[in-house]
Amino acid sequence: MSKLPDIDKDFAKWYQEVIYQAELADQAPVRGCIVIRPYGCAVWEEIKTYLDGRIKKNGAQNAIFPLLIPESFLKREAEHVEGFAPEVAVVTYAGGKKLEEPLVIRPTSETIVHHMFARWIKSWRDLPLKINQWANVVRWELRPRAFLRTTEFFWQEGHTAHETKEEAHSQVLTMLDEYAKLAEDMLAIPVIKGPKTEAEKFPGGETTYCFEAIMYDGKALQMGTSHLLAQGFAKSFEIMFQNREGKNAYPYLTSWGVTTRLVGAIIATHGDNKGLIIPPNIAPIQVVIVPIYKKGSSSEEINKKAQELKSSLKKIRVEVDSDESKSPGAKFYKWELKGVPIRIEVGPRDIENNQAVVVDRIENKKEFVPFDKLNKFIADKLEELHKSLFDRALKRQKERWHQGEKLSDFGPDMDKKSYCYQTGWCGCPECEVKLQKYKGSVRCILKENKHKECFGCSKESKSDVFVAKAY
Ligand SMILES: [Zn+2]
C-alpha cells in the first residue's frame, strides 16, 4: 500500500486514494459507477438503520416501487422532465426488440409514486399518506466522484400526501430537522439549513429546503433535500380526493431524501493524513482490540483475554484483530486508515497489571485503563470523541465562514481560497448567475438579514444568502 497523498496539499487525490485504500469502494467498469465494498456498505447500513427507525417513527411505511418508469410519466410534469432530461438513461430495446414506449431508469420516483397515489387516495380518510423507499436511482453523471457524485446511487426517498398545505409544509420541515439531527448527532457534521433559490429547487416542486455542510477543503456539500411539491404533481397525475366538505380536492405533496453521498460527507469532513475517521455513533467497528504477542509467551492466553474484553464491552461494536501473521504496527496502520475510533492493546504485561492500553483515533492519546473499568471508560470515550469531531468540524466551518459585501471583492477569495460567504441578495436570478464567474453558487437562503445591499448589484438585499463553491 502506498502512502496517502497529503490531505492539505491535494485533497481531491487524498479523497480518492483513502476510499480505495480503506476499502470503502472500488471502481466499477462503467464510468461514474462505484462498487461499494463491505466496509463502505456497513457504514451506510448504520446510517440506514438509524434513519429508517426515525422515518417509521414519523409515520411513514416502506414500500418498493419499480426501477423502470414509462417515459410518458416523466413528460406529464413539464418542469420535471426539463430538469431531469439531461441526466436520464432510457431503455429503448428489450426482450429482443425495440420497445413501443421507451422506459426510463428512475432518476427519482415522484412520477411512479404519484401514479399509484392517484389509485390509492380517494377520501380525506386516506390522508396523510406517507411512503418511503430505500432504492437505487440513476442520473447520468459527467463529473463523477466516488460517493459524492455517482451515476447510480442509493438513497431513501420519502413521499407524502396531505389534506392541507400547512400540514405538508410541516412534514417538509420535520424531515429537514430529522436530517439535520442525523448529520449532527450521528455523523458529527454541523449543518446549515435553509430554502434553495428558484434556480436550484427541485424541478416541478414549489420550495426545496436543503441542509449543507462545509467539507475539509472548504467546498460546500448539499447533504440532502426536503421538497414541498404542493399541488403541481397532484394535478399532473390527477390525484384527487373527497375532502371533509364532500368536494373534490387535490392533496399537497412532499418528497425528501438523503443518499450514499452522506458517506462521502463523512470522509470529506473528518479525515486526516492517516486516513478516515468514522464518527463513533455510526462506526461499524467502534473499537478494535489488538492483542500484542510476545516471544516466549503463549498467544492463546492473550487471544483469550482479548475475546474476554470484547464480551465485557456491552452494546459496543468490537472487532478483535488476532491475525498472528501481521505485526502490531501493521495492524495499527490498517485500523487507523479505516478510521476506527478506538484501539485497545493488550499484551502479557497488561494482563499482569490487569489493565489495557486505550488509544483514540483523533488525538492518538494513550491511556491505561483497569479491565474492570473498561466498559464505562470506552462508552464515555466514544461520546467524547463524537463531541471532539463535531467541535473540530464546527471550528473549521467558522474559519471558512466570512461576511461578504460585494462579489467583486470577495469572489476571488471564494474561488482561490474556497472561503464561504454570508452576503446580501436582491433575489434576482441575474445576480445569482454572476457567482459562476468565481465557481460559486447560492447554497441556501438564510434567516438573517445583516447585509443591506445585494452582492451583485446596487439594489436592496431581500435576505442574506450562503454562497460558496460546491461539490
Ligand atoms: Zn442583485
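Helices and strands are taken here as DSSP runs, numbered from the N terminus. In this predicted model, strand E15 covers residues 287-291 and includes Ile 289, a residue to which the discussion of the core returns below.

The chain is divided into three domains: domain 1 spans 11-270, domain 2 spans 287-381 and domain 3 spans 400-469. Between the centres of domain 1 and domain 2, taken over C-alpha atoms, the separation is 41 Å.

A convenient starting point is the open sheet of seven strands, which follow one another in the order E3-E7-E8-E14-E11-E10-E9 with mixed pairing. Its edges are strand E3 (61-62) and strand E9 (192-195); each has a single partner strand, so one side of each is left without a neighbour in the sheet. In general, the strands of a sheet pair through backbone hydrogen bonds, in either a parallel or an antiparallel sense. Both senses can be followed by starting from E3. This strand runs parallel to strand E7 (residues 129-138), to which two bridges join it, and Asn 62 stands opposite Asn 132 in E7. E7 in turn runs antiparallel to E8, with ten bridges between them. Here Asn 132 stands opposite Gly 158 in E8. The next step is again antiparallel: eight bridges join strand E8 (residues 152-162) to strand E14 (residues 252-259), and Ala 161 stands opposite Leu 253 in E14.

Helix H6 lies across several strands of this sheet, namely E8, E9, strand E10 (207-214), strand E11 (220-230) and E14, and runs at about 165° to E11. H6 also packs against helix H2 (residues 38-57), at an angle of about 145° and with the two axes 11 Å apart. The crossing of H2 and H6 is right-handed. At this contact, Ile 47, Tyr 50, Leu 51 and Arg 54 in H2 meet Glu 178, Leu 182 and Met 186 in H6.

The largest nonpolar core contains 115 residues, of which Ala 183, Leu 187, Ala 213, Met 223, Ala 265, Ile 267 and Ile 289 touch the most other members. Helix H6 (residues 165-186) gives the most to this core, contributing eight residues. Two of the residues named can be examined through their contacts, leaving aside residues up to four places away in sequence. For Ile 267, these contacts are Tyr 15, Val 18, Ile 19, Phe 147 and Leu 276. For Ile 289, they are Ala 306, Leu 309, Lys 310, Val 318, Val 320, Ile 344 and Val 346. Ile 289 counts as buried because it has 23 C-beta neighbours inside 10 Å, where the threshold is 20 or more. Its C-alpha atom is separated by 9.8 Å from that of Asn 303, a residue 14 places apart from Ile 289 along the chain.

Glu 100, in strand E6 (residues 97-105), provides a second case for the burial criterion. Glu 100 counts as exposed because it has 5 C-beta neighbours inside 10 Å, the limit for exposure being 12 or fewer. The C-alpha atoms of Glu 100 and Ala 213, 113 residues apart along the chain, are separated by 45 Å.

The hairpin of E18 and E19 comes next. Strand E18 (residues 355-360) pairs with E19 in the antiparallel sense over five bridges, and Gln 355 has Pro 370 in E19 as its bridge partner. Five residues lie between the two strands, and in this hairpin Asn 364 takes a positive phi near 65°. Of the five residues of strand E19 (residues 366-370), the number buried is zero, so this strand lies largely in the open.

A further open sheet consists of four strands in the order E20-E21-E23-E22, again with mixed pairing. Strand E20 (401-403) and strand E22 (440-445) form its edges, each with a single partner strand, so one side of each is left without a neighbour in the sheet. From one strand to the next, the twist averages 35°. E22 and strand E23 (residues 463-469) run antiparallel and are joined by five bridges, with Ser 441 opposite Ala 468 in E23. Helix H13 (residues 407-417) packs on this sheet, where it touches E20, strand E21 (420-425), E22 and E23, and its direction makes about 40° with that of E23.

Conventions
Residues are numbered from 1 along each chain as its sequence is written. This is a predicted model: local features need pLDDT of at least 70, side-chain atom pairs count only at pLDDT 80 or more; totals for chains, interfaces and linings use all residues. A nonpolar core is a set of buried Ala, Val, Leu, Ile, Met, Phe, Trp, Tyr and Cys residues joined through C-beta atoms within 7 Å. Two residues are in contact if their C-beta atoms, placed from the backbone, lie within 7 Å. Domain bounds come from an automatic or database domain assignment. Two strands pair if DSSP finds at least two bridges between them. Axes are lines fitted to C-alpha atoms, for helices over the stretch in contact, and angles run from 0 to 180 degrees between N-to-C directions. A crossing is left-handed if the near helix is turned anticlockwise from the far one by less than a right angle, and right-handed if clockwise.
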